[in-house]
Amino acid sequence: MDAYASFYQRSIHDRDGFWREQAQLIDWHVPPTQVCDYSKPPFARWFVGGQTNLCHNAVDRHLNDRADQPALIYVSTETGHEITYSFAQLSDEVQRMAAILQSLGVKQGDRVLIYMPMVAEAAFAMLACVRIGAIHSVVFGGFASHALASRIDDASPVLVISADAGSRGGKVVPYKPLLDEAISLSKLPPQSVLMVDRGLTPFHRVDGRDHDYAALRQQHLNARVPCVWLASEHPSYTLYTSGTTGKPKGVQRDTAGYTVALAASMQHIFVGKPGEVYFSTSDIGWVVGHSYIIYGPLIAGMATLMYEGLPTRPHGGVWWELVEKYRVTHMFSAPTAVRVLKKQDPALLSKYDISSLKALYLAGEPLDEPTAQWIADGLGKPIIDNYWQTETGWPILTVANGVQPMPSKFGSPGVPMYGFHVKLLNDHTGEELTGANEKGVVVVEGPLPPGCLQTLWGDDERFVKTYWQSVPGRWVYSTFDWGVRDADGYFYILGRTDDVINVAGHRLGTREIEESISSHPNVAEVAVVGVADQLKGQVAMAFVVAKDSSGLADAGARLKLEGEIMKLVDSQLGAVARPARVLFLSLLPKTRSGKLLRRAIQAVCERRDPGDLTTIDDPTPLQQIKDQLA
């Protein structure tokens, strides 16, 4: 791997020269005068003095060469809609949406919160925001009112864009009642709501606040809204991610660094070419949906397939049917989805003509070797794992086949990508681990490369305090993940160092779930931990001490209270955060100094040795957990 090794070393040791070359992959209105300003570490400013626009690079710059080529392929197996927008048609729709936003008072720098199912209008909205310099904040449609309200309060949007409903597994999921409740809970309610009426369910309109997208679109059919040329560091969007406290973190991304990073990743990592077709099965509510449904493929001049539906409906081969129909060249999914497909008829993997497909990329959670082997054997295609975070915006660890063909190792996401100065640190001493197979915390020496978070929205102090530690002479960014590196330089991710859990690729803060459960009138204390699960990677398990436990000796009463707690979490945070089980204890397992023994709880649930328990105050609750699980 000599070619990649020198490419990587140059990105670390000739940082400015390397990224000056990558910056030539995008269009600039004004070229930058400085590549990286790292004068106030750990804050990095990329491509200082430059002006560009994310929407221009994703849409407008392709209009001369490929205006009639497919840009956005929208497929919903939930509603039966399939429509392909060329780059010219996508440009028209984005400009109509931009005109609507401006007519509703949205200006450069304003926040627009997007709470949408996987519909084409969501893509138009994101692109329209960055076109006019508004900052979009997409909230996953699976989140319920309390979670949505906290994100509204943090982003303080002037406008929310939503829809009457989504659909999952043939069941309509109403969005508008959740949005109305979130706005009523919000301390900083938006002035306007733009509603896309899909005709899935009737909904209440608030006079003076709620506006109809279809009616406004008709008014702006011939709209021409030019791209606003933005300073490189102008925020493109915020995206909320769970943390160890209940308050979600608004990851803030810049404009130019992100555009350059995605353009480079499409070339060096995904090897995508204009005219090819990229199908990411993620949701726009997550970072993969931002980087590799909406922006990355379009920047590369590819068509992007945006899918609403399940991998098993109307049948277990629907994804491969889409690969055949639309001649998909690149596919991006998650290990959980593959584990779901393992339960389907294996003949479905060979039923369709997937000869166009070059590789399947997987990310979002650790990829176990049996799952990787199963899908590799079934498809007969390269399976390429990659590891990254909402905070980084593009892969930290994978293989860069666009630089040099590189072997993948099942179980490992790969090697550090260019620009990421990845190290392993001893958790206790902070010293760098340089040997093979030594377990440490995966960190990145600053500055973070282009495309990573600039800061946390409105909270520079929390950004520094949460992610960074100063070691002699330098700053390092913590991923909060344990890892080891083998003798070939390939990394293996071993799980979180903090209290964030990964459920089917969705990152959930245990604290947010605990706060929701605590609001039940019969909950005195609660602990939530992540427990290994064969299908989802991890699931949340809740352990509750009831205020009044007098009736809980009866199994029926326990089931009733467990159901109430699950419904409460559903209503406040959404089904994605619902614990798999709620178990009732007489007290929580703690040390004599009052520290909760999360690791011991997790070990008992996973039927592992809980280790040294000499500091435990009372071993009874651990035995209660064992008994209930048995």
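In this predicted model, 13 residues line the largest cavity. Ala-44, Trp-46, Cys-452, Leu-453 and Gln-454 lie nearest its centre. The volume of this largest cavity is about 110 Å³. Its lining splits into 10 nonpolar residues, two polar and one charged.

How many cavities of 30 Å³ or more does a search of the whole structure find? It finds 10.

The second largest cavity holds about 60 Å³ of space. Among the residues that line it are Phe-143, Ala-147, Arg-151 and Ser-242. Leu-508, Gly-509, Glu-512 and Ile-513 also belong to this lining, as do Leu-573 and Ala-577. Three elements, α7 (145–155), β30 (506–509) and α17 (510–518), each supply at least two of these residues. By class, the second largest cavity is lined by six nonpolar, two polar and two charged residues.

Now for a pocket. The second largest pocket has a volume of about 360 Å³. Its lining counts 18 residues, and His-81, Glu-121, Val-196, Asp-197 and Arg-198 are the closest to its centre. Two or more lining residues come from each of β5 (81–86), α6 (120–132) and α9 (213–219). Which element gives the most to this lining? That is α9, with four residues.

The table sets out the classes of lining residues.

| Space | Nonpolar | Polar | Charged |
|---|---|---|---|
| Largest cavity | 10 residues | two residues | one residue |
| Second largest cavity | six residues | two residues | two residues |
| Second largest pocket | 10 residues | three residues | five residues |

Definitions and conventions:
Residues are numbered from 1 along each chain as its sequence is written. This is a predicted model: local features need pLDDT of at least 70, side-chain atom pairs count only at pLDDT 80 or more; totals for chains, interfaces and linings use all residues. Side-chain values use heavy atoms; hydrogens and water are left out. On a 1 Å grid over the protein atoms alone, a cavity is a set of points where a 1.4 Å probe fits but cannot get out, and a pocket is an open set with protein on both sides within 12 Å along at least five of seven lines; lining residues have an atom within 4 Å of a point. Grid points are joined across faces, edges and corners, and a volume is the space filled by probe spheres set on the points. Ala, Val, Leu, Ile, Met, Phe, Trp, Tyr, Cys and Pro count as nonpolar, Asp, Glu, Lys and Arg as charged, and the others, Gly among them, as polar.
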